[in-house]
Amino acid sequence: MTATTAEDGFTATLYRGRWVFLRFAAYLGAMAGIAAMAKFGVGAYEENAFLYQILSMKGLIWGGTGALAGCGLAIVGSVMKPTLPDAKMARNFAPWLDGFLLMVILASVWALFEPAADQISYENQSNLFSGRVIMAMNVIFIFSAVSYIAYLFAPESFIGRIATWSAYAGIYLGGSALLLRWHESYLFDMEIGHAPVSNLYEVFILLCCITAAVYLALEKRYQAKAMGAFVMTLVSAAVFFDVWLASVGQGDIKPLVPALQSYWMKIHVPMNFVGYGSFAVACGAGMAYLFRHRLEAKGGTSKMLKIFPSLDQLDQLAYKAVAIGFPAFTLATILGAAWAAEAWGGYWSWDPKETWALIVWMIYGAYLHARVSHGWHGKALAWWAVAGFLVTVFCFLGVNMYLSGLHSYGRLS
Amino acid sequence: MPRMQTFPDLLKTLWQRVGSMSLAIILLVVLSIASVIGTVLLQNQAQADYLQQFGPLWYWVFRSLGLFDMYHTWWFISMLGFLMVSLTSCLWRNIPKMLKEMRTRKVPVSDKALKRFQHLHEWHLPAGVGVEALQEAFRQRLDGWEFKASEQGGNHYLRADKGRWNKWGYILVHAAILVILVGGWIGSEYGFRGNMAVPEGASENEIDFLQGTETGHLTMPFYVRCNSFTIDFFPTGAPKEFRSNLTIIDHGKEVLTSDIIVNEPLYYKGVRIYQASFGDGGSDVTLKLYHLDGTGAITTAKTQVYETWTDKKSGVSLTLTDFKPYNVENMADPGQPKDFKDLGPAVIYEMRGPGMNPVKIKAFMNPFIGPDGDNRGSFLMVSSTGDKADYKALSLGIDLTNPNEWRLFHAFMKHLGEAHKRTQDSARAAFQAAMYDVFGRDKAKWPKNFQAMAMRTLQAVRVLPSLQWPMLPMLVDYKQHYYTGLQLAQDPGMNIVWLGSAMLVFGLCIMFYMPHRKLWLVIRPAQGRMHISLAGMVNRNHLVFTKYFHDVFTKLDQDFGEIKS
Ligand code: HEM
């Protein structure tokens with residue numbers, strides 16, 4: 001996209017220079033305001049009321065003040081430096097935050113469909129509306145994966161569009177379902193309420209959404225639709241796993257053990273999954289690379305090759321995904337260490353989960369070095385991206401299943 | 001043939017090798033693989049468990065390699081040390097080069113170098129087009145870039161840089177790892193971390209910690225007194241909050257009293273005090289001993305958790321191991337919706353005695369109340385192996401909290417023994433006689449629920465005589481005391497670690513998201529025309545740059561077109 005390409009219409013205006021910049025500043029301000037409320041507000045942060053602290057008058061005041069302050073700063077900043085509103089950061093991040101806002105609105109709409117208060121029981125949670133939204137997400141993600149695969153064989157642009165749009169729809173359904181679940185957790189009993197990132201079932205929904213979102217961000221910029229077949233297949237695998245989890249009764253909302261009642265969890269866990277999701281996308285790119293390599297080796301000039309990004313591009317895409325994931329994962333690990341320092345008395349205990357996070361980190365660190373250093377070429381790096389993701393899967397799933405440690409709340413029982 | 005090398009040369013080569021990227025890759029992979037071992041092999045368990053698990057040979061091998069406390073072995077630490085050396089070496093060699101490169105920006109490029117650029121576009125414009133106008137268009141199109149111009153041999157060079165400080169990212173990231181490792185080393189060398197269990201009402205100033213495979217002790221410069229410990233529960237019965245009220249006593253003076261909960265530690269004199277665990281701190285319990293010798297005798301025993309109480313007459317000893325005021329269990333059948341119920345207080349003890357196998361018993365204070373509110377009598381959980389998984393529920397039939405039922409049971413046994421033949425009728429008669437004994441002849445004064453009592457007594461007749469124990473110790477009263485499990489830690493290296501962490505994240509962001517992009521506009525007048533080249537180069541993220549370069553080219557193409565006409 002170029003700044004001079006004149007696009008008209010409302011949406012175009014919404015995404016141009018000043019407006020994006022102002023909106024971005026307002027979002028940041030609102031988030032800072034909420035964070036400040038959690039830290040310094042009267043009564044400060046309470047695990048079992050946080051959602052309603054945000055949604056109450058108090059939250060409105062803190063968040064609203066933050067948003068206004070953000071706008072103010074943005075205006076002052078752009079007067080002092082007129083080029084500031086063109087900052088790429090705002091243009092890159094504002095759409096994500098817009099999407100988040102849309103999820104909040106969707107979740108509020110879903111909340112209207114909730115069963116009556118006397119129909120809600122902790123013992124039987126099957127009638128909660130989030131379950132239905134999650135089921136819709138499952139279906140649509142699988143549909144999207146099928147469409148992406150169909151697109152490989154029949155590269156019609158409308159099939160591609162359907163695939164992309166259904167992936168978007170899945171993200172919005174999943175994200176809003178999680179927000180709705182947060183609200184639902186308070187319906188049983190105010191004391192039980194907590195953010196929906198506390199058990200394997202919930203974080204897998206998060207993982208599906210983040211993976212799809214990271215992928216779509218890349219697709220949008222680099223026209224890498226053929227890669228979608230691989231990434232969305234991984235997402236579908238996660239969807240099936242989640243369906244299985246629910247079927248064995250792991251999908252219920254449960255109260256939070258004392259160690260998890262901390263605002264750190266709300267930052268640490270999602271940040272971790274930005275890392276995991278990006279690594280999944282890198283794995284998808286690696287698989288696409290190996291697939292194309294195979295096709296080329298067979299000497300094919302099939303239709304499929306035409307829609308595939310080139311080997312070099314796929315290599316770059318895998319790198320790009322790791323470049324998103326690696327800093328996020330680093331930050332997540334550091335946040336985890338900070339939390340451990342506050343909850344357990346030490347930032348690092350060589351607990352299996354921590355150690356595996358370190359292993360994942362070192363594997364991708366080595367991947368990044370291998371890219372720069374000589375001797376490592378496309379195919380080997382593609383394999384590395386795939387293998388790295390297997391290690392990642394073990395880190396967030398295998399450790400919970402096979403190894404014991406302080407992180408055992410995520411256990412399968 | 002390798003050349004002969006002098007010793008300093010050899011050192012220099014070695015130093016370079018140590019700081020090479022291939023070595024970094026190898027080191028990272030080897031460290032990863034080594035780390036796996038410690039997560040698969042449970043660390044710092046009791047040596048006896050290891051011996052049992054692996055057998056003498058492998059136990060000895062693993063132990064010699066230090067695998068039971070792997071992350072503190074000399075070889076693991078050495079690998080981290082080697083990583084530090086390697087990092088130092090690569091920083092040492094690269095920093096001066098990078099700083100120089102960042103400072104000096106060479107503007108002119110030779111024709112030959114120009115051809116080798118990753119991205120290159122050319123225009124040929126008629127002579128007479130103003131160089132300034134072209135350069136101005138270039139400057140206008142590159143917002144936020146740094147420019148440097150120069151003229152050489154009639155050629156005009158204009159260089160633009162963005163993300164010129166990108167190499168700082170590299171420096172920060174690699175230095176950060178060094179800083180973190182140094183912080184960690186300081187913490188492990190000059191800090192401590194250990195546990196302390198303080199019963200309610202008591203004070204303590206010593207912490208225990210694991211030192212390799214042994215337990216070490218350390219005395220704090222102050223005492224911690226636990227005034228109280230409380231647990232809050234969710235409606236589901238799961239614990240919600242553990243809270244200790246602590247007082248710090250420094251040199252005999254109470255200096256600080258505060259509550260701590262998980263995630264909210266207390267800070268005193270550089271030491272952080274965390275809520276880590278809890279347990280029974282020696283609760284007072286009263287047991288009633290129902291003797292099973294047929295005499296119907298009941299004696300009482302007052303004792304404490306963690307004590308062993310011995311009955312002098314029979315030689316039976318009870319070792320109390322735990323007391324729990326709440327025992328929330330899922331009472332639903334498998335597959336049914338969960339149904340949590342609190343079964344009330346229970347005490348756990350091991351009973352030993354002459355002529356009996358030792359057993360571990362969890363004795364509940366209250367009788368079991370069924371789903372319809374029906375009293376199903378007192379009950380125990382019994383484990384003959386002492387293993388928690390082997391607990392089996394044992395329903396005693398009668399409700400021992402009601403003394404009449406114990407008497408009724410004995411009266412019934414007596415009358416049943418007197419009967420000549422065991423028939424339905426004789427049993428009924430015996431029960432009636434027993435009821436007369438216990439409640440009198442006036443049936444109006446019998447308890448209303450005596451039918452249920454009869455059922456329970458029948459069950460007791462089936463169960464109690466088959467027990468091999470001399471007595472049934474049941475919990476009747478308690479005064480609970482908790483201990484609070486605290487963790488105390490001091491880590492002087494922690495802030496250094498946070499500093500390193502900040503550098504790491506900051507550096508990564510610079511490294512990945514602010515690539516160093518360079519563009520040149522080279523204008524060469526030749527043969528009555530102007531050769532204009534746009535050349536570009538980036539050190540990472542080529543995908544984006546390719547697009548960007550193309551973009552700039554298109555825009556400049558427009559601009560130059562306008563300038564020309
Ligand atoms: C063992 C010692 C290490 C050495 C000798 C080393 C060396 C290097 C070198 C020479 C570069 C290339 C710089 C450039 O592209 O201009 C580099 C890049 C990098 N290093 Fe290291 N490094 C070491 C350890 C680490 C560690 C432990 C990490 C963290 C995992 C790390 C993370 C990185 C990253 C992320 C890059 C950037 C790669 C890229 O995006 O192109 N390095 N390292």
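What separates B:Arg428 and B:Asp425 in helix H9 of chain B? About one helical turn, because the two are three residues apart in that helix, which covers residues 424-439. Before going further, keep in mind that this is a predicted model. The side chains of B:Arg428 and B:Asp425 meet in a salt bridge, at 4.0 Å from N to O. Both ends of this bridge face the outside: B:Arg428 is exposed, with a relative accessible area of 53%, and B:Asp425 counts as exposed at 55%.

That bridge belongs to a wider set, since the structure holds 21 salt bridges over all chains. As a general point, side chains of opposite charge can pair when their charged atoms come close. Take the pair A:Arg23 and A:Asp98, whose side chains form a salt bridge with an N to O distance of 2.7 Å. A:Arg23 is in helix H2 of chain A (residues 17-40) and A:Asp98 is in helix H5 of chain A (residues 88-111), so this bridge ties together parts that are 75 residues apart in sequence. Both A:Arg23 and A:Asp98 are buried.

Over in chain B, the side chains of B:Lys360 and B:Glu350 also meet in a salt bridge, here at 4.0 Å from N to O. This one runs between strands: B:Lys360 lies in S18 (residues 356-364) and B:Glu350 in S17 (residues 346-353) of chain B, so the parts tied together are ten residues apart in sequence. B:Lys360 has 19% relative accessibility and therefore counts as buried, the cut-off being under 20%. Elsewhere, a network of salt bridges links B:Arg105, B:Arg159 and B:Asp161.

Arginines turn up in other settings too. The charged end of B:Arg517 sits over the ring of B:Tyr548, 4.9 Å from the ring's centre. B:Arg456 lies in helix H10 of chain B, residues 450-463, and counts as buried because its relative accessibility is 7%. What does B:Arg456 touch, leaving aside its neighbours within four places in sequence? Its contacts are B:Asn375, B:Arg376, B:Gly377, B:Gly397, B:Ile398, B:Asp399 and B:Glu405.

Now for the rings. The structure holds 58 aromatic pairs over all chains. In one of them, the ring centres of A:Phe204 and A:Phe241 are 4.7 Å apart and the planes are at 40°, so the pair is tilted. A:Phe204 lies in helix H8 (residues 200-222) and A:Phe241 in helix H9 (residues 225-247) of chain A, so the pair ties together parts that are 37 residues apart in sequence. Both phenylalanines, A:Phe204 and A:Phe241, are buried. They're also members of a cluster linked by ring pairs, along with A:Trp244, A:Phe273, A:Tyr276, A:Phe279, A:Phe329, A:Tyr364, A:Tyr367 and A:Phe396.

Not every nonpolar side chain in chain A is tucked away. A:Leu101, A:Leu102, A:Ile105, A:Val109, A:Leu112 and A:Phe113 make a nonpolar surface patch of about 580 Å². A:Leu102 is found in helix H5 of chain A, the helix that also holds A:Asp98. With a relative accessible area of 39%, A:Leu102 is partly exposed.

Back in chain B, look at B:Ile261 in strand S8, which spans residues 253-261. B:Ile261 is buried, with a relative accessible area of 12%. B:Ile261 and B:Ser244 are 17 residues apart in sequence, and their C-alpha atoms are 6.6 Å apart in space. Leaving aside neighbours within four places in sequence, B:Ile261 is in contact with B:Glu241, B:Phe242, B:Arg243 and B:Gln275. For another view of chain B, try B:Lys388, placed in the loop between strand S19 (379-383) and strand S20 (392-395). B:Lys388 counts as exposed at 66% relative accessibility, and its C-alpha is 42 Å from that of B:Pro492, 104 residues away along the chain.

A couple of backbone angles round off the tour. Most residues other than glycine have a negative phi. A:Gln223, though, has a positive phi near 45°. A:Gln223 is placed in the loop between H8 and H9 of chain A and counts as exposed at 59% relative accessibility. B:Tyr306 also has a positive phi, about 80°, although it is not a glycine. B:Tyr306 is found in the loop between strand S12 (298-304) and strand S13 (308-310) of chain B, and at 47% relative accessibility B:Tyr306 counts as partly exposed.

Note on methods
Residues are numbered from 1 along each chain as its sequence is written. Chains are lettered from A and ligands numbered from 1 in the order in which they are written. This is a predicted model: local features need pLDDT of at least 70, side-chain atom pairs count only at pLDDT 80 or more; totals for chains, interfaces and linings use all residues. Side-chain values use heavy atoms; hydrogens and water are left out. Helices (H or I, at least four residues) and strands (E, at least two) are DSSP runs, numbered from the N terminus. Buried means under 20% relative accessible area, exposed over 50%, partly exposed in between (1.4 Å probe, protein chains only). Contact means heavy atoms within 4.5 Å. Rings of Phe, Tyr and Trp (its six-membered ring) pair if their centres lie within 6.5 Å; planes under 30 degrees apart count as stacked, over 60 as edge-to-face and the rest as tilted. A charge sits over a ring if NZ of Lys or CZ of Arg is within 6 Å of the ring centre and within 35 degrees of the ring normal. Patches are made of residues with over 30% relative accessible area and no salt bridge: like charges are joined within 9 Å, nonpolar side chains (Val, Leu, Ile, Met, Phe, Trp, Tyr) within 5 Å. Accessible areas come from the Shrake-Rupley method with a 1.4 Å probe; for residues, only the protein chains shown count as cover.
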